[in-house]
Amino acid sequence: MARTQQDYDDIPGTFVFDAERSREGFGINMFCMSLMKDANRKAFKADEAEYLKKFKLTPDQTDAVLKRDYNRMLELGGNIYFTAKLGATDGHSFQQLAAMMTGSTQQDYAAMMLGGGRSVEGNRSRSGKVAKASKASAKGPGKAKPKSSGAKSSKAKSNAKSKSKSSAKRK
Amino acid sequence: MAKIIAGVGSSHVPAIGAALDNGKTEEPYWKRVFSGFEKSKAWMAETKPDVAIVVYNDHASAFSMEMIPTFALGCAAEFPPADEGWGPRPVPVVKGHPALAAHIAQSVILDEFDLTIVNKMEVDHGLTVPMNLLFGQPKDHWPCPVIPLAVNVVMYPPPTGHRCYMLGKAIRRAVESYPEDLRVVIFGTGGLSHQISGPRAGLINSKWDKSFLDNLSKDPKKLTRIPHLEYMREAGAEGIEMVMWLIMRGALDDKVDEVYRFYTVPASNTAVGHIILENKHKAAKGKRPGAAKSAAKSKAHGRKLAAARKTTHRIASKGTR
């Protein structure tokens, strides 16, 4: 049941969509794929929980979809190119989704991107094992720690802000 | 004999397509991106390839989770633009080159690359955005037939960089064993650094990108040794799609002329990278490839290369807003 540990689990704030998640998340992703058709989007919007029953999701997966907890969906096997279709069904732009996943406002997220994006410094490794990251990881690894998006929002928000400032300096 | 004359690397950010389709190219944000491709369009109009092979990835458009082919070669006569949720992009239907595609499939499979053959497929922004960037926005038809090669980079693991590079070499052997005199340009698309999923979304690593472009040009074998973990850690979870550029690079000579490069951050969530590499023996336009052997021709060829080197433009701009 427990997920096999992988070397890439050390990358902070990242759920690698590997073969194991692909198997687990088949239902979520096929549900998202179904939203490419307008009739399905309407049926889903009319009764979300009922519509989801067609896709054999686990209770946790169903919960994540209903709550629009995008990070949890990724953790449970959703793939971003698929879950983005759910975002589009809700009328969100991709950047809005990205902001949600990083626990940031869209404005702050957009400002971070214009400032050169999120720096890799301090964001390489959760364990701090990667040499290049050692300096930055003194601030504490896992600044972009994978957790449900809601709980972390204020912390991640301030993180995004400080990043955009530091990369603006690089100009 | 058909010949690969040049390779093009280009990002395929969907928002670039949306900016084109919604007439936003003159807005300062987008002008910064599109201005980097003006010289490329001129180069492409001058180069006039007979066929383009475009290495790209599908984004849950043609392939859902029902089938995940690692390498899928488009052998159809045409490939309609896919509806990615906002209606199909208003671009011409992509015409294939079924004869050359079938030849490539047969050749590389016997060369031990077990491709999936696709005879019916819609193509998404992964393919059409780089085509717009290099061919502009033609109304009715693209200037040349296109052979799409879709690579799985959505589900981990994608093929290794080394595997991609070697596939490029096999594609080159395939093209060179095709009897018709065709001048072929190969595209590697996607990247550069970006992460669009999870709490680390927004990651950009310009330093890493620049070194990738440098090595792509001068020392591609070095790139073939980069493990997936490093791509994901340094260039973002989705930055791993840069392995597709190595198929393009593998199909070229070991030593190439870098005739153009462009890099800017950001387009939406992504670092935009672009490079044009020419084989040293790129056949002159409209000439039989074999004719380039004569001394007079090679002298003229040398002059052309010198001229090309002179007009090399390296632009490295950053977001200015």
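In the predicted model, helix 7 (206-218) of chain B is part of what covers the buried residues of helix 9 of chain B. The buried positions in helix 9 of chain B are B:Y231, B:M232, B:R233, B:E234 and B:A235. Immediately after this helix, B:G236 adopts a positive phi of about 95 degrees.

Helix 9 of chain B also takes part in the contact between the chains. This contact involves 47 residues from chain A and 32 residues from chain B. On the chain B side, at least two residues each are supplied by helix 9 (228-235) and by strand 9 (256-267). Helix 9 of chain B provides the largest share of the side that touches chain A, namely 4 residues. By residue class, the side of chain B that touches chain A comprises 15 nonpolar, 11 polar and 6 charged residues. For the complex, the predictor reports a pTM of 0.86 and an ipTM of 0.87.

Chain B as a whole contains 11 helices and 11 strands. Of its 321 residues, 54% are classed as buried. Among the contacts in chain B with a separation of 6 or more, 83% are between residues 24 or more positions apart.

The largest nonpolar core has 132 residues. Within this core, the residues with the most contacts are B:I53, B:V54, B:V55, B:I104, B:V184 and B:M244. Chain A contributes to the core as well, with at least three residues drawn from each of its domain 1 (8-92) and domain 2 (97-170). One of the residues with the most contacts inside the core, B:I104, was examined individually. When neighbours within four places in sequence are left aside, B:I104 is in contact with B:L73, B:I147, B:I171, B:A174 and B:V175.

Confidence varies along chain B. The mean pLDDT of the chain is 91, and 88% of its residues reach 70 or more. Over residues 286-297 of chain B, however, the pLDDT is below 50, and this stretch has 13 contacts in the model beyond near neighbours in sequence. The pLDDT is also below 50 over residues 308-321 of chain B, where the model has 27 contacts beyond near neighbours in sequence.

Key: Residues are numbered from 1 along each chain as its sequence is written. Chains are lettered from A and ligands numbered from 1 in the order in which they are written. This is a predicted model: local features need pLDDT of at least 70, side-chain atom pairs count only at pLDDT 80 or more; totals for chains, interfaces and linings use all residues. Two residues are in contact if their C-beta atoms, placed from the backbone, lie within 7 Å. Ala, Val, Leu, Ile, Met, Phe, Trp, Tyr, Cys and Pro count as nonpolar, Asp, Glu, Lys and Arg as charged, and the others, Gly among them, as polar. A residue is buried if 20 or more other C-beta atoms lie within 10 Å of its own, exposed if 12 or fewer, and partly exposed in between; C-beta atoms are placed from the backbone. pLDDT is the predictor's confidence in each residue, from 0 to 100. A nonpolar core is a set of buried Ala, Val, Leu, Ile, Met, Phe, Trp, Tyr and Cys residues joined through C-beta atoms within 7 Å. Domain bounds come from an automatic or database domain assignment.
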